[in-house]
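Let's walk through this one together, question by question. Have the sequence and the model open as you read.

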Amino acid sequence: MRIAERIRGAIIESMTALKDKIKLALDESRMLILGAQILLGFDLRAAFEPAFDRLSKSSQMLKMATLVVLLCTIALIMAPGSYHRIVRGGSDAEDVHQFATMVMDIALVPILVVLALDIYLSTGRIVGMTGGIVGGAFIGAVGFFFWYGLGLSASKREKKSGHQEKKKPRAHPTDLKTKIDQALTEARVVLPGAQALLGFQLITMFMDGFDKLPNSSKYIHMISLGWMALTIILLMSPAAYHRIAERGEDTTRMHDFASVLLLAAMVTLPIGICGDVYVVLYKVTSSLPASLGIAIAVLTFFYGTWFGFTTYRRARLTGNE
């Protein structure tokens with residue numbers, strides 16, 4: 001009996017540790033998205049400011065490149081939510097934590113690159129190209145040291161001290177309260193980016209640069225605004241439903257409702273984003289094929305990361321298990 005109790009206790013402890021690790025990973029995703037949304041708002045709004053038109057064409061193209069890179073980065077940061085919902089149905093599993101950790105490790109690189117380039121473009125207008133390069137390179141080096149250098153150094157020391165056995169990905173029984181808490185946390189990961197974009201879309205309509213856009217771009221912007229407003233409504237609905245319909249109680253119906261609306265919001269969000277990607281790119285390049293092609297490519301990346309890969313991964317894991 002004692003052996004059975006010890007085994008059961010070890011399993012429960014392992015499940016609790018995994019649940020906490022996934023929760024921490026989601027919280028770390030929220031930290032990244034909060035930083036990325038500041039850069040995204042700056043990159044989108046800059047194209048409508050008078051000073052942007054005074055930049056060299058190469059600087060304008062560089063700014064558009066940082067915008068596309070940042071959007072793809074945001075797609076990665078938000079991806080753990082769709083992976084958790086689609087691949088594991090909200091249950092905890094080792095591969096959920098591994099995937100969340102992997103995409104954050106990858107996403108830090110383009111965030112650092114975009115931050116350094118934005119520092120270069122902004123300060124370069126005042127102190128010249130050389131000063132801008134020095135400032136951007138300094139910020140990039142400091143960021144790399146703190147975001148990667150310290151962690152990699154500690155990781156190497158840990159690997160030398162002992163070998164960690166790689167766990168086979170498998171789903172764990174997860175209590176309903178944890179599932180609902182994680183679903184709401186995943187919604188909070190997506191919500192800040194949508195809020196930042198909605199704020200940009202609203203204020204853009206009152207900027208002088210917006211009045212100079214062709215009517216077609218203005219209509220596309222308004223359609224994108226509608227999709228973004230719908231996204232925010234979907235993301236905020238689970239909290240209201242939990243209070244009104246369930247009176248704060250944790251139920252299977254609540255978990256299913258939150259999961260469906262989170263995935264629905266991840267369908268509408270990229271449409272709202274890519275509509276404005278087209279508007280900004282067309283304003284800068286005046287090229288319909290290039291603007292439309294890049295916007296479609298970004299949309300494909302969002303859907304491919306959030307739904308294509310996760311559907312493929314779910315089919316593979318189902319076959320193996």
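Contact here means heavy atoms within 4.5 Å. This is a predicted model, where local features need pLDDT of at least 70 and side-chain atom pairs count only at pLDDT 80 or more, while totals for chains, interfaces and linings use all residues. Residues are numbered from 1 along each chain as its sequence is written, and side-chain values use heavy atoms, with hydrogens and water left out.

Q: Which residues does leucine 269 touch, not counting residues up to four places away in sequence?
A: Leave out residues up to four places away in sequence, and seven names remain for leucine 269: Met78, Val190, Ala194, Leu197, Met228, Thr231 and Trp306.
Leucine 269 also stands out, together with Trp306, for touching the most other members of the largest nonpolar core, which has 73 residues. A nonpolar core is a set of buried Ala, Val, Leu, Ile, Met, Phe, Trp, Tyr and Cys residues joined through side-chain atoms within 4.5 Å. So the partner of leucine 269 that shares this distinction is Trp306.

Q: Which helices each supply at least two residues of this core?
A: Helices are DSSP runs of H or I with at least four residues, strands are runs of E with at least two, and both are numbered from the N terminus. Those giving at least two residues each to the 73-residue core are helix 1 (2-46), helix 3 (57-88), helix 4, helix 5, helix 7 (215-244), helix 8 (252-285) and helix 9 (288-320).

Q: How many residues are in the other core?
A: This core lies apart from the largest one. Ala183, Tyr241, Met254 and Ala258 are among its members, and its size is six residues.

Q: In what order do the elements of the protein run from the N terminus on?
A: The secondary structure comes to nine helices and two strands. Read from the N terminus, the order is α-α-α-β-α-β-α-α-α-α-α.

Q: Is glutamine 182 buried or exposed?
A: Glutamine 182 sits in helix 5 (residues 176-204). Beyond residues up to four places away in sequence, glutamine 182 touches Lys19, Ile22, Leu26, His84, Arg85, Gly90 and Asp92. Buried means under 20% relative accessible area, exposed over 50%, and partly exposed in between (1.4 Å probe, protein chains only). Because its relative accessibility is 1%, glutamine 182 counts as buried.

Q: Why does phenylalanine 138 count as exposed?
A: Phenylalanine 138 is in helix 4 (residues 94-161), and helps make a nonpolar surface patch of about 610 Å² with Val142, Phe145, Phe146, Trp147 and Leu150. Patches are made of residues with over 30% relative accessible area and no salt bridge, joining like charges within 9 Å and nonpolar side chains (Val, Leu, Ile, Met, Phe, Trp, Tyr) within 5 Å. Areas come from the Shrake-Rupley method with a 1.4 Å probe, and for residues, only the protein chains shown count as cover. Phenylalanine 138 counts as exposed because its relative accessibility is 55%.

Q: Why is cysteine 274 not bonded to cysteine 72?
A: A disulfide is a pair of cysteine sulfur atoms within 2.5 Å, and the count comes to zero. Cysteine 274 is buried, at 6% relative accessibility. Its closest cysteine sulfur is that of cysteine 72, which is too far for a bond because the separation is 8.9 Å.

Q: Which residue forms a salt bridge with aspartate 43?
A: A salt bridge is a side-chain nitrogen of Lys or Arg within 4 Å of a carboxyl oxygen of Asp or Glu, and the whole structure has nine of them. Aspartate 43 is buried at 0% relative accessible area, and its partner is buried at 3%. The pair ties helix 1 to helix 3, parts that are 20 residues apart in sequence. With the closest N and O atoms 3.0 Å apart, the partner is lysine 63.

Q: How far apart are the closest N and O atoms of glutamate 186 and arginine 85?
A: Glutamate 186 is in helix 5 and arginine 85 in helix 3, 101 residues apart. Glutamate 186 is buried at 1% relative accessibility, and arginine 85 is buried at 5%. Their salt bridge has its closest N and O atoms at 2.8 Å.

Q: Which residues are linked in a network of salt bridges?
A: Lysine 23 and aspartate 27 meet in a salt bridge (3.2 Å, N to O). Being four residues apart in helix 1, lysine 23 and aspartate 27 are separated by about one helical turn. The network consists of Lys23, Asp27 and Arg30.
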